[in-house]
Amino acid sequence: MNYFSKKLTKVSHYVLFSSSSFLVFTSLLFSFPYQDGWPQEIEGGVDFSSPVFVDVDGDDTLEVLIAGNTKWVYLFNHRGEALPNWPQQTTTGSAQETSSPSVGDIDNDGAMEIVYGSDAGQLHAWEFDGNDVTGFPVNLGDNIIRACATLEDLDGDDTLEICIGTGVNLYRFFVYRHNGALSFFKNVEGRVHSTAGIADIDKDGNVEIIHGVDRNVQYGVYAWEATGDSCSGWPQETGHHVDGSPALADIDGDSTYEIFVGSIDNNVYAWDYLGNDLASWPNSVGSGIYQGVVSSPAVGDINNDYVLDIVIGRGIIQSSNGAVFAFSANGDTLPNFPIIIATGSVTSSPVLADIDGDPDIEIIVGCQDGKLYAFNPDASDVDSFPITVCSSITSSPAVADIDLDGDLEIAVGGNDSLYIWDLAVAYDIDRMPWPMFHHDPQHTGRLPLGTGIPVYETETDTPAPSHLFPTIFTGPLYLPQDKDCRIFDITGRTVDATNLTPGIYFIEIDGQITHKTIKVR
């Protein structure tokens, strides 16, 4: 008897049905079919660990990784079958695993490795066959609580460094090399529950590392150079813990990154790479200790206006003050948001993807009421959502075409099992700006430059035809002399059209926004 059948036996004695009524009954009970081989029971269930979709064995289908709540890291193929020598045990003692595995070719040998920081304080790195990578595990001397390893080449040698913080007593942020050698560590003022975001935030040719700390002291968010030096303008203060992980995105087209993150102090913060508050940020999401932010933000253009949006959940653990907020990059709350969910907090982090085939990008997020929600950019429910899954979801969803059948699958960890559904919508990687927790299997937390901002290949010194697809220009911007014209930047600030610096601009003619332009130099 498969898992699906076992689920039905719990209710079948209440219903007498023929084979035809069985189909009607099950279609009412389940909005979407499960992917073949799913769900899979996870020992102890899943608590905050989020599924990772990635091809680890080179067969072009995607494997699924997740950590269970009791000392195991799982690696399944797309059919729900455990790969040989998996799951891997993280400790022989008691453990409450709450972080997510990270995946990348850390040693540049052409094969993927799985990296995981355990609750017991061991930094693991496994080959996909389950063998330890040489030099691992590494004893960090303190527990890991929810912080995932971030994998990135910090020094330009084509191998990936491993960046991770500890979560109970040591208050340190570590950077290790691919062979387990310590590159450097930094003492910080609080526990690190936050997964680091990594990007070249200041366009200097070197990446920087940004993470939060979980303590109400002086600082909330740190930024380090790849060498371990503090970035200019950092760290930045927040009013309380930063449990969530920063999202990095270029919102104004200048090829530098802005940083977004929430705090237990009920605010969502946004800074430029120098640590300056962005205009109209931070933004409040509530008041009181139960309306803070544990969720990590996702970034993408969800409503096709060519302005990036920031989406985040609200509510601390086990509260009933859940909500989903969506802000435009200029700090405005999108129409009809926030969405209030009074049945549970939203500590899950949202993902952004087209899951219904319409022109918009949808928001998918779990809730501690045990439901998986999906919302349109106008805050309405996506058809057939929410899906009642289990008693609680703190895991973040993930979306991909894991079996190469051309359509989309969606996964989330529940407090009993790992669930994957098969959606009848075509898979399009360009329609998935934020497909999993912290964006990608390496957990970089960054939106690639140019995402959500399509541009033409040719350059022109006059505005494009009357639509909002952008065009690049290099010279002066010519506006009609017989019209009432205004040009404004992404924050809504009116600017002088004769003296524009590189960036993204909108043109309003006779009260209607008609053009978008990008000055490149």
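Reader: What makes Phe260, Trp281, Phe325 and Phe327 a cluster?

Author: Ring pairs link Phe260, Trp281, Phe325 and Phe327, where rings of Phe, Tyr and Trp (its six-membered ring) pair if their centres lie within 6.5 Å. The model is predicted, so local features need pLDDT of at least 70 and side-chain atom pairs count only at pLDDT 80 or more, while totals for chains, interfaces and linings use all residues. Residues are numbered from 1 along each chain as its sequence is written, and side-chain values use heavy atoms, with hydrogens and water left out.

Reader: Why is the pair of Tyr219 and Tyr222 called edge-to-face?

Author: The centres of Tyr219 and Tyr222 are 6.1 Å apart with 75° between the planes; planes over 60 degrees apart count as edge-to-face, under 30 as stacked and the rest as tilted, so this pair is edge-to-face.

Reader: Why is the pair of Tyr222 and Trp224 called stacked?

Author: For Tyr222 and Trp224 the planes are 15° apart and the centres 5.4 Å apart, and the pair therefore counts as stacked.

Reader: Why do Tyr219 and Tyr222 count as buried, exposed or partly exposed?

Author: Buried means under 20% relative accessible area, exposed over 50% and partly exposed in between (1.4 Å probe, protein chains only). Tyr219 has 24% relative accessibility and is therefore partly exposed, whereas Tyr222, at 6%, is buried, and Trp224, at 3%, is buried.

Reader: How do you know that Arg146 lies over the face of Phe48?

Author: A charge sits over a ring if NZ of Lys or CZ of Arg is within 6 Å of the ring centre and within 35 degrees of the ring normal, and Arg146 lies over the face of Phe48 at 4.4 Å from the ring centre.
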